[in-house]
Amino acid sequence: MADGRYDYIETGSLVSIKKNTQSIVLPSEERPIQMYPMDFEEFLWATGNDMLMDLIRKMYAERKPMGQAFHRQAMDAFRLYMIVGGMPQAVKKYVETKDFDAVDAAKRDVLAIYRNDIFNYAGEIADKVVSIFEQIPPQLSKHEKKFRLSALKPGAKYRDWDDAFFWLKDARVVNICYNSTEPNIGLKMNEDRTTLKCYMNDTGLLISHAFDEKGIVSSEIYQKLLFGKLEVNEGMFIENIVAQMLTASGNKLFFYSKSSEEAEERMEIDFLLQKDKVTNRHNIRLIEVKSGKNYTLSSLTKCMKKFGEYLTAPTVLHAADYKMEGDITYLPLYMAPLL
């Protein structure tokens with residue numbers, strides 16, 4: 001009220017709010033708050049685990065491994081978070097039933113709402129928006145995970161599709177990660193908006209979106225994903241959830257990609273993060289995400305050699321425990337929110 005006796009919290013879909021307030025001047029006292037799917041710590045709380053994240057945070061600060069038992073417990077919780085996701089409806093259904101079929105049905109209800117919102121609110125670009133939305137799983141399943149516009153339409157130009165990408169990003173359906181042409185302090189100044197990766201805002205939704213041949217993901221598939229036994233490119237889900245975690249922690253998403261005929265110049269770095277406090281050197285953290293046990297770090301090594309003066313604490317996120325080897329920090333995947 002105008003006399004200041006009450007504070008109000010208004011909630012709603014961003015796309016519906018934008019449409020319904022097009023001609024309304026919002027008061028200066030109104031402060032928008034960005035909302036995301038439940039993060040890893042909130043998921044732990046919801047599933048009755050109030051202590052684990054405190055331990056993870058402590059070990060991260062002290063730069064120590066979790067130890068075999070706690071690491072296994074944390075990885076099990078991480079994988080459960082990845083497949084259930086952070087949408088409150090899905091988490092609630094899991095807590096109540098522990099039934100993955102019921103969880104998947106809840107997520108498909110959310111995906112149906114997304115599709116309906118596209119056609120209700122995206123206007124003349126609705127067909128383009130839904131085309132991008134349906135292409136997210138196959139694009140992320142590729143090795144480089146960069147979104148290829150040619151999959152939408154032969155000869156497509158980004159300038160003809162950028163409004164559709166922006167709509168999905170503004171609606172919090174996706175997290176967009178842009179290529180920065182040089183890993184230095186000006187990540188945004190070096191942003192190449194024609195080269196991007198398009199992640200789902202929630203990895204649980206991505207799993208349901210990816211396995212929709214029969215309209216539902218069976219409990220067997222969920223169980224195999226939970227134990228890392230599914231014969232599928234799991235890297236797409238691991239990289240998506242890292243993007244989700246980094247976004248929920250307030251990071252803007254950038255990656256580094258350089259193609260060249262010379263092997264020493266070819267590099268693909270999954271994520272670049274800028275330090276909170278900027279110095280005259282060593283401001284950018286390289287992050288490589290590895291889903292399997294056996295991997296190489298050729299791009300990371302080449303990038304460290306070429307751009308060493310720009311870089312700080314190169315990091316590998318992997319399924320094993322914390323360790324340091326040379327200049328590289330190896331962190332378990334569940335520590336991604338702390339970066």
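**Exercise 1. Find the residue in β2 that is the bridge partner of Ser180, and place this pair in its sheet.**

Step 1. Start with the strand: Ser180 belongs to β1. Keep in mind as you look that this is a predicted model.

Step 2. Now look across to β2, where Glu191 is the bridge partner of Ser180. The two strands, β1 (residues 174-180) and β2, are antiparallel and share seven bridges.

Step 3. Step back to see the whole sheet. It is open and has four strands, ordered β2-β1-β3-β4, with mixed pairing. At its edges are β2 and β4 (267-269), each of which pairs on one side only. From one strand to the next, the twist averages 30°.

Step 4. Move on to β3 (residues 254-258), which runs antiparallel to β4 and is joined to it by three bridges. Here Tyr256 is found opposite Ile269 of β4.

**Exercise 2. Decide whether Ser180 is buried or exposed, and list what surrounds it.**

Step 1. Buried means under 20% relative accessible area. Ser180 has 0% relative accessibility, so it counts as buried.

Step 2. Collect the contacts, leaving aside neighbours within four places in sequence. Among them are Gly186, Leu187, Asn190 and Glu191, and also Phe254, Phe255, Tyr256 and Leu272. Two names return from the first exercise: Glu191 is the bridge partner of Ser180, and Tyr256 stands opposite Ile269.

Step 3. Compare this with the strand next door: in β2, seven of the 10 residues are buried, which leaves the strand mostly covered.

**Exercise 3. Work out which side chain of opposite charge is nearest to Asp202, and what else Asp202 meets.**

Step 1. Locate the residue: Asp202 sits in the loop between β2 (191-200) and α9 (203-210).

Step 2. Check for a partner of opposite charge. The nearest such side chain is that of Lys107, 6.1 Å away. A salt bridge needs the two groups within 4 Å. Asp202 has no salt bridge, although it is buried.

Step 3. Look for other polar partners. The side chain of Asp202 comes to 3.0 Å from the backbone nitrogen of Leu205. A further polar contact, of 3.5 Å, links the side chains of Asp202 and Gln244.

Step 4. Complete the surroundings. Apart from residues up to four places away in sequence, Asp202 touches Pro37, Gly85, Gly86, Met87, Asn240 and Gln244.

**Exercise 4. Find which residue of β9 stands opposite His318, and describe the sheet that holds them.**

Step 1. His318 is part of strand β7 (residues 315-318). Its relative accessibility is 3%, so His318 counts as buried.

Step 2. Opposite His318, in β9, stands Pro332. Four bridges connect β7 with β9 (residues 328-332), and this pairing is parallel.

Step 3. View the sheet as a whole: five strands make an open sheet in the order β5-β6-β7-β9-β8, and the pairing is mixed. Each of the edge strands, β5 (271-274) and β8 (323-325), has a single partner strand, so one of its sides has no neighbour in the sheet. The twist here averages 25° from strand to strand.

Step 4. Add the helix. α12 (residues 298-307) packs on this sheet and touches β6 (284-289), β7 and β9, with its direction at about 165° to that of β6.

Step 5. Return to His318 and its contacts beyond four places in sequence: Lys290, Tyr295, Lys323, Tyr330, Leu331, Pro332 and Leu333. One of these, Leu331, is 13 residues from His318 along the chain, yet their C-alpha atoms are 6.3 Å apart.

Notes: Residues are numbered from 1 along each chain as its sequence is written. This is a predicted model: local features need pLDDT of at least 70, side-chain atom pairs count only at pLDDT 80 or more; totals for chains, interfaces and linings use all residues. Side-chain values use heavy atoms; hydrogens and water are left out. Buried means under 20% relative accessible area, exposed over 50%, partly exposed in between (1.4 Å probe, protein chains only). Lys and Arg count as positive and Asp and Glu as negative; His and the chain ends are not counted. A polar contact is a pair of N or O atoms within 3.5 Å; within protein, one must be able to donate a hydrogen and the other to accept it, and residues adjacent in sequence count only if both atoms are side-chain atoms. Contact means heavy atoms within 4.5 Å. Two strands pair if DSSP finds at least two bridges between them. Axes are lines fitted to C-alpha atoms, for helices over the stretch in contact, and angles run from 0 to 180 degrees between N-to-C directions.
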